[in-house]
2 protein chains.
Amino acid sequence: MIQVAETVFAERGYTAASMDEIAERVGVSKPMLYEYFHSKEGLLLACIREARAELRRVTEQAVAGSPTGEEALRQGLRAFFGFIRDRKQSWLLVRHEASLVGTASEELEATRQQQTDLIATLMGDFTDPETARFAEESGLLQAAAEFVVGGCERLAIWSEQREDLTPDVVAEYAVNLLWGGLAQISGR
Amino acid sequence: MIQVAETVFAERGYTAASMDEIAERVGVSKPMLYEYFHSKEGLLLACIREARAELRRVTEQAVAGSPTGEEALRQGLRAFFGFIRDRKQSWLLVRHEASLVGTASEELEATRQQQTDLIATLMGDFTDPETARFAEESGLLQAAAEFVVGGCERLAIWSEQREDLTPDVVAEYAVNLLWGGLAQISGR
DNA sequence: GAAGTAACCTACTTCGAGTAAGGTGGACTC
DNA sequence: GAGTCCACCTTACTCGAAGTAGGTTACTTC
């Protein structure tokens, strides 16, 4: 049911997707959708929730057991870019959640926060204690995590159009950028 | 007219905003809106176009005349974060354009591309020629630019909720992250 | 002053989100 | 075994908003 809805939303876009069509393709009548999901936005939320959970599961699994922070980062990113390649529909929903859902949902906000926190923790882990404490207090660590998430999302969108790049290559790009910064590609 | 529409879209969200309301607040009748903008989506597009142009103008002006690439980056980011602080409404539209506009507009896509290219050029400028050539051919330079844009957008969203941070501080965070990468906050 | 036209409005149609009220089949009571 | 209840599902509606048809005003041009 959620799967069908996800497909229709991805195909048509949120506004253009009609509950009638979803209901028909599910093989059920419209009031049923409203029974279960309360509203069109509710249905969308359910889809996003599902997609987000899946993404989270995949990345956490990938990260688990990595010996070093850098390795964890690499594995996590590989999983992330892989997910995007394999599950375009789900990714579309996750990517657009903020604008699709009119009323900001605390729940979704919280889930997103978890994602960022995971990154922040990873980064904190391979940072020396003193620096980490400073970074955390000043908000720099949070900022860095946000930056990483945003950068990777954009990178993912970009890589969608480059069929020649495998998720692993993209992940490698990201790790390099992240780790070394621009200084490394600068001559100085 | 576009300004009013922008306000309403920002207040209510795209779906919830009604053409009737916009028309009324503009002080004109609905068919007029359709005369000028063809459709609701057309009106939205016009708003986004306007906002994007403004953002571009501001950043390009800020970048112009910087002696070094790093300085240009800093100035550009300051302008960017400043814009977001001052013109929340416009920023909301730009930020959500992809999901709001169902039919991908080549024109908007092109504008976004220009933004990324500007960054890519900046980065190419302060990179030694050999590295730059490699980076460009492999797509790394493009990837880096996309990464920067995405990271900064996310950072901007994050900084909205931190009233204590001025745009300049956020810009400084971004420059540091960009330039030095994570290696610098790592102990190694 | 008549013809034409640009700018605008009122009053519709249409379509889709959301709902009310009713039907069907199985389980449970006596 | 008949009656009653209840979960589940449907048809058939309301209502609001996008988009449009056709008329009206006022101003220009000859």
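This is a short chat about DNA strand D and the cavities in a predicted model.

Me: Before I start, how are residues numbered and chains lettered?
Reply: Residues are numbered from 1 along each chain as its sequence is written, and chains are lettered from A and ligands numbered from 1 in the order in which they are written. Local features need pLDDT of at least 70, side-chain atom pairs count only at pLDDT 80 or more, totals for chains, interfaces and linings use all residues, and side-chain values use heavy atoms, with hydrogens and water left out.

Me: How many residues surround DNA strand D?
Reply: 13 residues do, the closest being Ser29(A), Met19(B), Lys30(B), Tyr34(B) and Lys40(B). A residue is near a strand if one of its heavy atoms lies within 4 Å of it.

Me: Which atoms of Lys40(B) and DNA strand D pair up?
Reply: A backbone N or O atom of Lys40(B) lies 2.9 Å from a phosphate oxygen of the strand. A polar side-chain atom of Tyr36(A) is 3.2 Å from a phosphate oxygen of DNA strand D.

Me: What share of the strand's atoms within 4 Å of the protein is sugar or phosphate?
Reply: 44%, and the rest belong to bases.

Me: Changing topic, how many cavities of 30 Å³ or more are there?
Reply: Four. A cavity is a set of points, on a 1 Å grid over the protein atoms alone, where a 1.4 Å probe fits but cannot get out. A volume is the space filled by probe spheres set on the points, which are joined across faces, edges and corners.

Me: What volume does the largest cavity have?
Reply: About 290 Å³. Of its 19 lining residues (an atom within 4 Å of a point), the closest to the centre include Thr59(A) and Phe80(A).

Notes
Polar contact = N/O pair within 3.5 Å; in protein donor to acceptor, adjacent residues only side chain to side chain. 1 Å grid on protein atoms, 1.4 Å probe; cavity = no way out; pocket = protein on both sides within 12 Å on 5 of 7 lines; lining within 4 Å.
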